[in-house]
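Today I opened a new model to look for empty space in it. I also picked out a couple of residues to check.

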Amino acid sequence: PVYSVILAHLAPLNVLREVVVDPASETSVNLLRCLLGERGLAPQFVDEGEITVERGRLLIGDPAIRFREESDGRHRYYDLGQGWKEETGLPFVYALWLMRPECPGKKAIAEALRSLGRKNIEQLAPVIAAQPEVDPAFCEFYYRQCLRFDFGAAEKSGLHEFGTLCAKHNLLPGPPPALALV
């Protein structure tokens, strides 16, 4: 579970006729389309509206976290990361550094980014402690249990499977090409 990418709803998913989506994250919207599509569900995606029995809302990032914290207990949450893992057995990749194949010095850039990433992970404790508006226990849970910072074989397979499902659900014109790791 990623905790911060959720579909908030009041009734079972098969009751949904609409989902309010955030157009700022086309990836999460398409992930939700694929996950619901794999269940044979195709609610209409809309730009606005309140959560009702037949309308859910896709929440991403801080709004998802705040909504969960402030909820009165009436809402159900479908965690898209958990749904993806249950559907495919693979992790979902929400963000990734990509470089064009013709990029000069791409191996050195890739290693510099990996090195920076390793240093940042080693410095999570001070980052967590420096969050003034977030409970440190939640921040510890979120950074250490919900987020992953690796891109190995399983993540590569998950990303490829996402592209394959996007093509299956007509969100891409065809299956994705294989990725080369640098």
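My notes on the pockets come first, then two residues.

**Ground rules.** I am working with a predicted model, where local features need pLDDT of at least 70, side-chain atom pairs count only at pLDDT 80 or more, and totals for chains, interfaces and linings use all residues. Residues are numbered from 1 along each chain as its sequence is written, and side-chain values use heavy atoms, with hydrogens and water left out.

**Entry 1, the largest pocket.** I looked up its volume and got about 1800 Å³. For my own memory: on a 1 Å grid over the protein atoms alone, a pocket is an open set of points where a 1.4 Å probe fits, with protein on both sides within 12 Å along at least five of seven lines, and lining residues have an atom within 4 Å of a point. A volume is the space filled by probe spheres set on those points, which are joined across faces, edges and corners.

I found 46 residues lining this pocket, and the closest to its centre are Ala95, Leu96, Phe149, Asp150 and Phe151. Helix 3 (80-88), helix 4 (106-122), helix 5 (124-129) and helix 6 (136-146) are the elements that give two or more residues to the lining. Helices here are DSSP runs (H or I, at least four residues), numbered from the N terminus. Which helix gives the largest share of the lining? Helix 4 does, with nine residues.

I also sorted the lining of the largest pocket by class: 32 nonpolar, six polar and eight charged. Nonpolar covers Ala, Val, Leu, Ile, Met, Phe, Trp, Tyr, Cys and Pro; charged covers Asp, Glu, Lys and Arg; the others, Gly among them, are polar.

**Entry 2, the second largest pocket.** This one has a volume of about 400 Å³. Its lining has 19 residues, with Leu98, Leu159, Phe162, Gly163 and Leu172 nearest the centre. Helix 1 (26-38) and helix 7 (153-168) each give two or more residues, and helix 7 has the largest share, five. By class I noted 14 nonpolar, four polar and one charged.

**Entry 3, Glu155.** I found Glu155 in helix 7. It is buried (under 20% relative accessible area, 1.4 Å probe, protein chains only). Glu155 has no salt bridge (a side-chain nitrogen of Lys or Arg within 4 Å of a carboxyl oxygen of Asp or Glu). The nearest side chain of opposite charge, Arg148, is 6.9 Å away. What does the side chain of Glu155 reach at 2.8 Å? I got the backbone nitrogen of Gly152.

**Entry 4, Pro176.** Pro176 sits in the segment after helix 7. Its C-alpha atom is 6.4 Å from that of Thr164, twelve residues apart along the chain.

Technical notes:
Buried means under 20% relative accessible area, exposed over 50%, partly exposed in between (1.4 Å probe, protein chains only). Lys and Arg count as positive and Asp and Glu as negative; His and the chain ends are not counted. A polar contact is a pair of N or O atoms within 3.5 Å; within protein, one must be able to donate a hydrogen and the other to accept it, and residues adjacent in sequence count only if both atoms are side-chain atoms.
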